[in-house]
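Work through the exercises below with the structure in view. Try each task before you read its solution.

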Amino acid sequence: MKASLPEVNFSDWGDVRYLHLGTEWVQGSMKLDAPFEIELEYVQRMMAWLLFVDPAEVAKRHAMQLGLGAASLTKFCRKQLRMRTTAIELNPQVVAACRGWFKLPADDAKLQVVVADAATEIRKPQWLGTVDALQVDLYDHEAAAPVLDSEDFYADCRALLTEDGCMTVNLFGRSSSYERSLAKIVAVFGEEAVWAFKPTREGNTIVLAQREASRPKRPVLADRAQSIQTRWSLPAPKWLRVFKPVA
């Protein structure tokens with residue numbers, strides 16, 4: 001199986017390093033002078049689950065990424081948020097590239113990178129009900145459509161979450177249908193539990209789904225957003241202008 005995995009390479013443009021899987025499509029990026037910040041707008045939006053968590057509780061929680069990319073989310077959750085962090089990545093070359101070129105730290109008591117097929121790995125009993133923030137960004141080297149995008153897959157994702165856990169998903173692709181993907185997520189989580197951003201300029205649409213639906217009042221979200229910006233320099237107040245429930 002590994003023979004069919006794409007080659008991994010990177011390119012530098014100015015002060016930004018980009019990860020590629022053998023094509024020109026960008027699979028992730030890193031600011032060379034700020035390697036533990038999140039550089040891309042859509043990746044920043046994958047952190048929108050912070051709006052539903054007391055900031056003082058964040059460091060006690062568990063984040064999981066399906067798809068490592070350039071490790072932006074993994075590094076941010078482990079280094080900036082100080083969370084227990086697990087990443088699941090199919091391609092061992094991507095892990096090696098992140099460690100060699102993108103400042104991904106070695107595994108430790110709070111960081112674990114698992115080389116595995118996410119669809120299989122997340123069904124293991126050890127993960128069920130343990131994840132507070134699940135971040136799904138699974139694209140092949142052509143970046144054409146999500147690799148895993150079925151109702152069964154999203155049901156497996158929901159089973160990972162703690163009672164107040166959230167999943168964020170990057171939906172983007174030239175041959176994928178956002179509306180179809182959204183319908184599958186809604187079918188599993190319920191429309192009351194699903195929120196979505198407007199697309200970024202590049203066409204990435206981030207969808208958030210809660211294990212159990214809650215509708216925080218706007219002042220609560222605004223207060224959280226300001227706290228997120230102050231603590232972690234994420235543009236959360238801007239998110240609230242382009243982020244709302246789907247129903």
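**Exercise 1.** In this predicted model, find the order of the strands in the open sheet and say whether the pairing is parallel or antiparallel.

*Solution.* Step one: list the strands. Three of them form the open sheet, in the order E1-E2-E3. Step two: check direction. The pairing is antiparallel. Step three: find the edges. Strand E1 (9-13) and strand E3 (26-31) each pair on one side only, which is what marks an edge strand. Step four: follow the twist. From one strand to the next it averages 25 degrees.

**Exercise 2.** State how many bridges join E1 to E2, and find the partner of Asp-12.

*Solution.* E2 spans residues 16-20. Five bridges join E1 to E2. Asp-12 has Arg-17 of E2 as its bridge partner.

**Exercise 3.** Identify what helix H3 lies across.

*Solution.* H3 covers residues 92-101. This helix lies across E1, E2 and E3. Its direction is at about 165 degrees to E2.

**Exercise 4.** Describe how helices H5 and H6 pack.

*Solution.* Step one: locate them. H5 is residues 151-160 and H6 is residues 178-189. Step two: take the geometry. The angle is about 45 degrees, and the axes are 9 Å apart. Therefore H5 is oblique to H6. The crossing is right-handed. Step three: name the contact residues. H5 supplies Glu-151, Tyr-154, Ala-155 and Arg-158. H6 supplies Ser-181, Lys-184, Ile-185, Ala-187, Val-188 and Phe-189. Step four: sort by class. The contact has six nonpolar, one polar and three charged residues.

Notes:
Residues numbered from 1 in each chain as written. Predicted model: local features only at pLDDT ≥ 70, side-chain atom pairs only at ≥ 80, totals over all residues. Heavy atoms only, no water. Axes fitted to C-alpha atoms, helices over the stretch in contact; angles between N-to-C directions. Helix = DSSP H or I, 4+ residues; strand = E, 2+ residues; numbered from the N terminus. Parallel < 35°, antiparallel > 145°, perpendicular 65-115°, else oblique. Left-handed = near helix turned anticlockwise from the far one by under 90°. Contact = heavy atoms within 4.5 Å. Nonpolar A, V, L, I, M, F, W, Y, C, P; charged D, E, K, R; others polar. Pairing = 2+ DSSP bridges.
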